[in-house]
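Here is a note for a colleague who is meeting this structure for the first time, set out as numbered points. Please read it with the sequence and the structure open alongside.

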Amino acid sequence: MIRVVVSGAAGRMGETVCAAVDGAEDLELAGRADPALDAPLAGLVGIADVVVDFTTPEAAPTNVRSCLEAGAHAVVGTTGFDLEELRATAEAARGDGAAANVLVAPNFAIGAVLMMRFAAEAARRLPECEIVELHHEGKLDAPSGTAKRTAELVREAGGNVHEPIHSVRLPGLVAHQEVLLGGQGQTLSIRHDSLDRSSFMPGVLLAARRVGELEQPFTVGLEALL
Ligand code: NAP
């Protein structure tokens with residue numbers, strides 16, 4: 001059994017992750033960390049094999065540092081913080097002998113991973129690109145981590161992502177993104193919709209099961225496990 005502590009357990013994503021971990025036969029929900037539950041991660045990280053973090057851009061880097069110190073692997077879904085700073089921390093910790101791995105994924109939905117891959121592929125032939133991301137009104141960061149990652153992948157493929165990335169925040173939405181590519185006399189639209197937070201759970205559970213197998217101390221993107 002892999003012992004999983006969920007950080008941000010009282011939040012929208014955290015509650016869904018707790019239920020998914022609880023329902024998985026090979027995972028044990030060992031703890032729920034959240035200010036609303038009066039349960040700081042510091043008191044629970046010692047019993048975790050893996051910590052799954054869906055908190056805030058302010059809290060997540062500190063939580064990952066606690067994981068590295070305690071030797072627990074970290075699966076991070078939180079978006080909106082500096083990934084390169086955290087990469088440097090994880091690599092320095094490995095240099096100091098820490099055995100824990102960190103996997104950060106801006107989107108755990110398989111359809112979103114495919115949408116990012118298809119967008120990068122399309123940009124090789126249709127480089128002019130606009131990104132529109134749409135989320136519920138409670139989302140703290142803009143543009144979304146998925147949109148920033150998509151832009152990075154499209155640029156690496158030779159695409160020209162127009163600025164700004166467009167962010168829509170409305171009640172009723174969950175997590176959606178459209179990548180529009182334009183060429184002579186034509187456009188191509190690639191769209192993904194998470195209609196429900198359950199869309200993220202197969203990816204989160206896969207990451208909790210496999211983060212310990214990663215060879216690098218710091219990995220970005222669920223595709224590393226697919
Ligand atoms: P949310 O409902 O606001 O939940 C965040 C929870 O974390 C809140 O209960 C918050 O408590 C708690 N928290 C704050 N500081 C904490 C700390 N130091 N330790 C433990 N818990 C702490 O937000 P959400 O909608 O679940 O989203 C959470 C994050 O996941 C966001 O960054 C969002 O962009 C991201 N997300 C990622 C994916 C993906 O696939 N990667 C999918 C959806 C969302 P308080 O309210 O008391 O501050």
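**Pockets, domains and selected residues**

1. The largest share of the lining of the largest pocket, three residues, is supplied by H1. Please keep in mind throughout that this is a predicted model. Helix H1 spans 12–22, and together with helix H2 (59–70) and helix H5 (145–156) it belongs to the helices that each give at least two residues to the lining of the largest pocket.

2. The volume of the largest pocket is about 800 Å³. Its lining consists of 38 residues, and those closest to the centre of the pocket are Met13, Phe54, Thr55, Thr56 and Thr78. Sorted by character, the lining of the largest pocket holds 16 nonpolar, 17 polar and five charged residues.

3. The domain assignment of the chain gives two segments, 2–104 and 199–225, to domain 1, while domain 2 covers 110–195. The C-alpha centres of domain 1 and domain 2 are 26 Å apart, and ten residues of domain 1 make contact with ten residues of domain 2. Where does the largest pocket lie with respect to domain 1 and domain 2? Because both domain 1 and domain 2 give residues to its lining, the largest pocket lies between them.

4. The second largest pocket encloses about 350 Å³ of space. Of the 16 residues that line the second largest pocket, Phe81, Leu83, Gly145, Lys148 and Glu152 are the closest to its centre. The second largest pocket also lies between domain 1 and domain 2, since both of these domains give residues to its lining.

5. Which helices each supply at least two residues of the lining of the second largest pocket? They are helix H3 (83–95) and H5, and H5 provides the largest share of that lining, with four residues. By character, the lining of the second largest pocket divides into six nonpolar, four polar and six charged residues.

6. Turning to enclosed spaces, the structure holds two cavities of 30 Å³ or more. In the largest cavity there is about 50 Å³ of space, and the residues that line it are Asn107, Met115, His135, Thr146, Ala175, His176, Gln177 and His192. Strand E9, which runs over residues 175–183, contributes the largest share of this lining, namely three residues. The lining of the largest cavity includes two nonpolar and six polar residues, and no charged ones.

7. The second largest cavity has a volume of about 30 Å³. Its lining is formed by Pro106, Asn107, Met116, Arg149, Gly221, Leu222 and Glu223, which divide into three nonpolar, two polar and two charged residues. Asn107 appears in the lining of the second largest cavity and also in the lining of the largest cavity.

8. On the cysteines, a general reminder may help: a disulfide is a covalent bond that joins the sulfur atoms of two cysteines. With a cut-off of 2.5 Å between cysteine sulfur atoms, the count of disulfides in this model comes to zero. Cysteine 18 is in no disulfide, and the nearest cysteine sulfur, which belongs to cysteine 67, is 15 Å away. Is cysteine 18 buried or exposed? Its relative accessibility is 2%, so cysteine 18 counts as buried, and cysteine 129, with a relative accessible area of 0%, is buried as well.

9. Glycine 80 is located in the loop between strand E4 (73–76) and H3. Its relative accessible area is 38%, and glycine 80 is therefore partly exposed. Once its neighbours within four places in sequence are left aside, glycine 80 is in contact with Pro57 and Asp141. Between the C-alpha atoms of glycine 80 and phenylalanine 54, which are 26 residues apart along the chain, the separation is 11 Å. Phe54 is also one of the residues closest to the centre of the largest pocket.

10. Glutamate 58 sits in the loop between strand E3 (50–53) and H2. Because its relative accessibility is 61%, glutamate 58 counts as exposed, the cut-off for that term being over 50%. The C-alpha atoms of glutamate 58 and alanine 72 are separated by 20 Å, and these two residues are 14 residues apart along the chain.

Conventions:
Residues are numbered from 1 along each chain as its sequence is written. This is a predicted model: local features need pLDDT of at least 70, side-chain atom pairs count only at pLDDT 80 or more; totals for chains, interfaces and linings use all residues. Side-chain values use heavy atoms; hydrogens and water are left out. On a 1 Å grid over the protein atoms alone, a cavity is a set of points where a 1.4 Å probe fits but cannot get out, and a pocket is an open set with protein on both sides within 12 Å along at least five of seven lines; lining residues have an atom within 4 Å of a point. Grid points are joined across faces, edges and corners, and a volume is the space filled by probe spheres set on the points. Ala, Val, Leu, Ile, Met, Phe, Trp, Tyr, Cys and Pro count as nonpolar, Asp, Glu, Lys and Arg as charged, and the others, Gly among them, as polar. Domain bounds come from an automatic or database domain assignment. Buried means under 20% relative accessible area, exposed over 50%, partly exposed in between (1.4 Å probe, protein chains only). Contact means heavy atoms within 4.5 Å.
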